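Here are a few exercises to work through with the model open beside you. Try each task before reading its solution.

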Amino acid sequence: MYTTLNKIDDETKANVIKDYFDPNYDIRTMKRKYGLFHNEILAIVGDKDSRIEDYHDGIIGSDSFVALADTHIGSIYEKEIYYDCLADYLTNYGIRDTIIIGDLLQGTIPSLQPKYKNPNIQIKHALDIIPNVDKTTWHILFGNHDLQLLNQNSKYYKVIKSRPDFHMLGFRRAYMLWGKLLFSVIHPTKKYKIYPPAINADFRLCGHRHYIEIKDNEVNLPPFCLDTRPWAKDSPYPGFIVGRRFKDEVVFYYLAFEEKLKKNYTALEIKEMRERAIKVTEMGHVLKLPNKTGVKK
């Protein structure tokens with residue numbers, strides 16, 4: 001797996017650029033041909049020559065979608081009942097698209113449950129725990145924890161990719177289209193130094209920080225696990241974000257599991273929290289933006 005552009009040979013780069021301007025190729029075809037992520041192709045082509053219509057690596061076709069981040073599957077902070085609640089939510093509201101914004105896996109970083117130290121077992125557990133909901137696509141951006149594991153062996157990525165309802169967005173940053181709104185999903189991954197072109201998107205959804213925070217048109221997502229930040233200014237409950245599109249505006253809602261860790265929790269206390277039943281609660285909207293589409297309801 002590439003981590004910098006200089007690890008991609010010059011011949012491949014030249015061919016990617018050539019094919020990008022060939023009308024017989026599109027990015028989807030090029031991804032299969034070269035085994036590259038969408039944002040890696042854009043990084044090779046560069047900011048100057050990349051076409052704006054090629055930035056998005058996925059389309060949200062319906063009026064609603066779910067975004068979550070930092071699932072850290074395999075860690076001591078993972079809580080399986082969250083996935084049961086999420087599956088019910090996706091089914092009840094007919095959600096067709098769910099985005100995971102980095103750190104799908106715990107990887108090789110500490111706080112890993114001992115039984116998931118074997119990467120094959122950890123990945124199989126991830127494939128088992130993520131709900132297989134009819135007609136729902138999982139758009140997955142990888143984070144720093146994922147990189148630690150996936151960099152060990154290329155077969156690990158192939159196993160994750162084996163689920164047909166998974167759509168891989170690559171690392172660090174990707175763009176998606178929702179109606180006429182172009183938005184970015186971001187998870188800082190310092191050791192992954194391939195930078196796709198950066199533009200001013202209509203809004204940004206960010207993982208990695210493990211608490212909910214709103215800055216202008218940017219939403220920092222809470223973790224979808226118990227690894228919260230007790231010192232965070234805003235509510236540090238774990239949970240997820242739901243985007244809904246109305247006639248004149250789009251609204252983002254924060255749904256939370258009303259529990260959180262305090263400092264210096266013991267392993268036994270964390271275990272008890274993992275086993276405790278809990279329901280998801282809607283905490284209200286966190287962001288409103290104009291809807292460019294004007295789609296009638």
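## Exercise 1: A hairpin of partners

In β12, V242 has Y253 as its bridge partner. This is a predicted model, so keep that in mind as you go along.

Task: In which sense do strand β11 and strand β12 pair, and over how many bridges?

Solution. Start by locating the strands: β11 covers residues 239–245 and β12 covers residues 249–257. Next, follow the pairing, which is antiparallel and extends over 7 bridges.

## Exercise 2: The open sheet

Task: Find the order of the 7 strands in the open sheet, then say which are the edge strands.

Solution. Step one is to trace the order, which reads β5-β4-β3-β2-β11-β12-β13, with mixed pairing. Step two is to look for strands that pair on one side only: these are β5 (166–171) and β13 (280–290). Step three concerns the twist: ignoring direction, neighbouring strands of this sheet are turned by 20° against each other on average. Finally, add the helix: α7 (residues 154–161) lies across β4 (137–142) and β5, and runs at about 145° to β5.

## Exercise 3: Parallel partners

Task: Which strands does β8 pair with in the parallel sense?

Solution. Begin with β7 (residues 181–186), which pairs with β8 (residues 203–206) in the parallel sense over 4 bridges. Here V185 stands opposite L205 of β8. Then turn to β10 (residues 218–220), which runs parallel to β8 and is joined to it by 3 bridges. In that pairing, C206 has N220 of β10 as its bridge partner.

## Exercise 4: Helices packing on α3

Task: How are α1 and α3 oriented, and which residues meet between them?

Solution. Two packed helices are described by the angle and the distance between their axes. For α1 (residues 10–20) and α3 (residues 38–45), the axes come within 9 Å and cross at roughly 95°. The two helices are therefore roughly perpendicular. In the contact, K13, V16, I17 and Y20 of α1 meet I41, I44 and V45 of α3. Sorted by class, this contact has 6 nonpolar, no polar and 1 charged residues.

Task: Now describe how α2 packs with α3.

Solution. Helix α2 (residues 27–34) packs with α3 at an angle of about 100°, and their axes are 9 Å apart. This pair is therefore roughly perpendicular as well. On the α2 side the contact uses I27, M30 and K31, and on the α3 side H38, I41 and L42. By class, the contact has 4 nonpolar, 1 polar and 1 charged residues.

Conventions. Residues are numbered from 1 along each chain as its sequence is written. This is a predicted model: local features need pLDDT of at least 70, side-chain atom pairs count only at pLDDT 80 or more; totals for chains, interfaces and linings use all residues. Side-chain values use heavy atoms; hydrogens and water are left out. Axes are lines fitted to C-alpha atoms, for helices over the stretch in contact, and angles run from 0 to 180 degrees between N-to-C directions. Angles under 35 degrees count as roughly parallel, over 145 as roughly antiparallel, 65 to 115 as roughly perpendicular and the rest as oblique. Contact means heavy atoms within 4.5 Å. Ala, Val, Leu, Ile, Met, Phe, Trp, Tyr, Cys and Pro count as nonpolar, Asp, Glu, Lys and Arg as charged, and the others, Gly among them, as polar. Two strands pair if DSSP finds at least two bridges between them.
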